[in-house]
Amino acid sequence: MIPVEIASASDSTEFPVAWEDPQDAALTWTHDRMHFPEPVSPMEFSLIGAAFETVFAAMAQAFDLPLMARLRRINTYYYQTIAPLPLPPEELAAREQRALHRFNRTLGRLSEIWQAVFLSEIGQHLRVWEAFDLSGASLAALAAHWEESVARVRRLWQLHIWITAPTLMAISQFADFYYDLYPDQEEYRPYRLLQSLGNKTLEASQALWQLSRHALALSGVRAALARHPPTAIPAALERFPEGRAFLAELSAYLSEYGQRSDKWDISSPSWIEAPSTVLKSLKEYIAQPERDLEAEIQALAAERERLIAQTRKHLRAYPPRVAEEFERLLGAAQAATMILEDHGFYIDYCVRYRVRRVLLELGRRFVAASLLDRPDDVFYLTVDEVSAMAQAPGAIEIRPRVALRQAEMAHFRTITPPPVLGAPPGEWDSPIMRAIVRFWGVPPAPSAPPILYGHPGARGLARGPARVLRSLAEVTRLQPGDILVTETTAPPWTPLFAIVAAIVTDTGGVLSHAAILAREFGIPAVVGTGQATKLIRDGQMLEVDGSAGLVRIIQ
C-alpha cells in the first residue's frame, strides 16, 4: 500500500465522506496531490478516472501482479488506493515472484515494445483525430466522432497503464541492484547513470532554448520580449515584419510542443490556447545571453558515461554474470527513463488536447443551441451527458447541473482535503512496492521551520529566494535564481527549470517528474516535503540541499 500520513477526516464537517460502497471504508485512500492537487472536473473523471480500475485490473492480470487499484472522486478531489490483494502470505509471495518473472521477460525489450507497438498505435489514433474536420462536421457526425473518441481514450489509457508498470519496475530494479553493489551510496546516485538520455519533455525545453537564441540575434524581437509582459508580447511582435516572422516560428514550436497544458485535467487550456508559460520562459531565457544550456546538458551526459565506465571497471572484480546483470538492468532502466516522460507527452497531453478540441466544438454547438452558456461549460458534464446532448439536443435540461457542479468545485477549492481517508495502511515490503514508493514518495520526517525534510530528488546545494507558486498562472512572479516551491510539477513546467536555482515540492519521490527533470537540468531538488507550500513564505531566503533531502529557511 502507498505509504501515507494518517490524518483521516472522513467524519469532518468540512469534508464529509459518504462511502457508496461500504467496503471502500476499509481501504486506505490517498489524495493524489502529485497529479491533481486541485478539484477535478466531472469530465476528467468520467472520461479517464472511471476507466482506471478496469484497465489497471487488466494489466495486473496480464503480469500476474498481486495488486488492486481504485480511484474515486470524493468532494471533487481524486483519491486512490493501490494495495496488495487480500491473499494468504504464501500465495501473495508466489504471485509476486511470477509477476517479477514476467516483468523481467519484458525489460530487455522495453524500447522495442514502446517504439514498434505502443508509439505506433498511439500515432494512428492521433492522426485520426487530426484528420477529422471538427468545424465542418454535422452534429450527427460530430456525435459519432465523440463516441469514437471516448473509445480511443480508454484504449490509450490502457496502453498508458500497461507501459508505466514495467518502466517503473525497470528503474527500481536497477536502483536495487546498484544499492546492493554500493550500499553506502546516496539515494540519488544510481539515477545519475540514467541522466541526460533525452526525452520529449527535455526536447521541448531545448527547442524553446534554441528559439530564444534566435530571438537574441534579432534586435527588435529581443527588445519586444524584454520590454513587455508575457500577455502583451504577441501584440508587440505583430507590429513589425521581423516580429511577425518570429511569431510564425513560435507558432511552429507550439504546434509541435504546445499540445500540453499546465495541469493534467482536460479542462485546463493548452499552451496553444494560453502560451504565457512559453512567453515567460523566452523572456527569461534572453536575459541569459552568455549561458550555454546545451553544453550544460552535454556535461551531464558526459558525467553519466564517466560513472557508467567507473562501475564497469569496478565490476571486473566480480563474476561475469554480475556484470551481465548490470548491463541488462542498465539498458532497461535507460529505456524506461525515456519512456516514463515520453508516454506522458503523447498520452497524457497530446491525447487530452485532441479530445479537448472535440469537447470544445461540442460545447460551441450546445451554446449555439442555447443549451449551455459557454463552450467550456462542457467540462462540467459527464461522458454520458455529452453523448445524450449530442444525439438529442434539448432532451435534458443541463444548465442546473452545470451550475451545481461549478458551485461544488468552487466550494471545495477553498478547503484543504485530508491527505488520507479510510483505514490505516498495511505494510508490504517487496520489489514491486519499492517501485511504487519511489514514484509516489513516502511521508517525510516531521518538519518544523527552519528545517524542512523531504527526499533527495537531484543532488546539489543552492540558495535563493522562495517563489511559492500554486499554478503556472502565477508564473510571471518567477525570476531567475528563485527557488521554485510548489505542490507538484507537471511536464509543462519544465521550461522553468532553466530559470530557477532549485526545486522544492510537496509531493513525489525520486522517480517523480520533478526529480527526473531536475536531474536532467542539473539543479538541486527536494521532493515530497508534504508541506513546503504551507510552511515557506514567498520571498524567504532558502538553502536547498538536494543531496540530503532537506530545505533550510535562512531568512
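**Figure 1. Helix 13 and the lining of the second largest pocket.** In this predicted model, helix 13 gives the most to the lining of the second largest pocket, namely 4 residues. Helix 13 spans 399-413. Two elements give two or more residues to this lining: helix 9 and helix 13. The lining has 37 residues in total. E38, K263, D265, S267 and S268 lie nearest the pocket centre. The pocket volume is about 680 Å³.

**Figure 2. T277 in helix 9.** Helix 9 covers residues 276-285 and holds T277. Is T277 buried or exposed? Its relative accessibility is 1%, so T277 counts as buried. The cut-off for buried is under 20%. Leaving aside residues up to four places away in sequence, T277 touches D262, W271, L472, V475 and P492.

**Figure 3. The largest cavity.** The whole structure contains 4 cavities of 30 Å³ or more. The largest cavity holds about 840 Å³ of space. It is lined by 47 residues. Closest to its centre are H35, H160, T164, F439 and W440. Which elements each supply at least two residues of the lining? They are helix 1, strand 2, strand 3, helix 4, helix 11, helix 14 and helix 15. Helix 14 runs over 431-440.

**Figure 4. The four-stranded sheet and helix 1.** This open sheet has 4 strands in the order 2-3-1-4, with antiparallel pairing. Strand 2 (67-74) and strand 4 (420-422) are at the edges. Each has a single partner strand, so one side of each is left without a neighbour in the sheet. Neighbouring strands are turned by 30° against each other on average, direction ignored. Strand 2 joins strand 3 (residues 77-84) through 8 bridges, and the two run antiparallel. One of the bridge pairs links A69 to I82 in strand 3. Helix 1, residues 42-63, lies across strand 2 and strand 3. Its direction is at about 170° to strand 2.

**Figure 5. The largest nonpolar core, centred on the contacts of W146.** In soluble globular proteins, nonpolar side chains tend to be buried together. The largest nonpolar core here has 155 residues. L47 and W146 have the most contacts inside it. Helix 11 (residues 320-368) contributes the largest share, 23 residues. What does W146 touch, not counting residues up to four places away in sequence? The list is M43, L47, V355, V358, L359, L362, V383, V386 and S387. A second, separate core has 16 residues, including V485, A502, A532 and I536.

**Figure 6. Helix 12 and its cover.** Helix 12 spans residues 383-391. Its buried residues are V383, E385, V386, S387, M389 and A390. Among them, V383, V386 and S387 are touched by W146. Which elements are included in the cover over the buried residues of helix 12? Helix 1, helix 4 (139-181), helix 11 and helix 13 are included.

**Figure 7. The eight-stranded sheet and helix 15.** Here 8 strands form an open sheet in the order 5-12-11-7-8-9-10-6. The pairing is mixed. Strand 5 (451-453) and strand 6 (455-458) stand at the edges. Each pairs with a single strand, so one side of each is left without a neighbour in the sheet. From one strand to the next, the twist averages 30°. Helix 15 (residues 513-521) packs on the sheet. It touches strand 6, strand 9 (502-505) and strand 10 (525-527). The directions of helix 15 and strand 6 make about 45°.

**Figure 8. The hairpin of strands 11 and 12, with strand 5.** Strand 11 (residues 541-545) and strand 12 (residues 550-553) run antiparallel, joined by 4 bridges. The two strands form a hairpin with 4 residues between them. G549 sits in the turn and has a positive phi of about 75°. Strand 12 also pairs with strand 5, in the antiparallel sense, over 3 bridges. Which residue of strand 12 is the bridge partner of D545? The partner of D545 is L550. L550 is also the bridge partner of Y453.

Methods: Residues numbered from 1 in each chain as written. Predicted model: local features only at pLDDT ≥ 70, side-chain atom pairs only at ≥ 80, totals over all residues. Heavy atoms only, no water. Pairing = 2+ DSSP bridges. Axes fitted to C-alpha atoms, helices over the stretch in contact; angles between N-to-C directions. Contact = heavy atoms within 4.5 Å. Core = buried A, V, L, I, M, F, W, Y, C linked by side-chain atoms within 4.5 Å. Buried < 20%, exposed > 50% of the residue type's maximum accessible area, 1.4 Å probe, protein only. 1 Å grid on protein atoms, 1.4 Å probe; cavity = no way out; pocket = protein on both sides within 12 Å on 5 of 7 lines; lining within 4 Å. Points joined across faces, edges and corners; volume = space filled by probe spheres on them.
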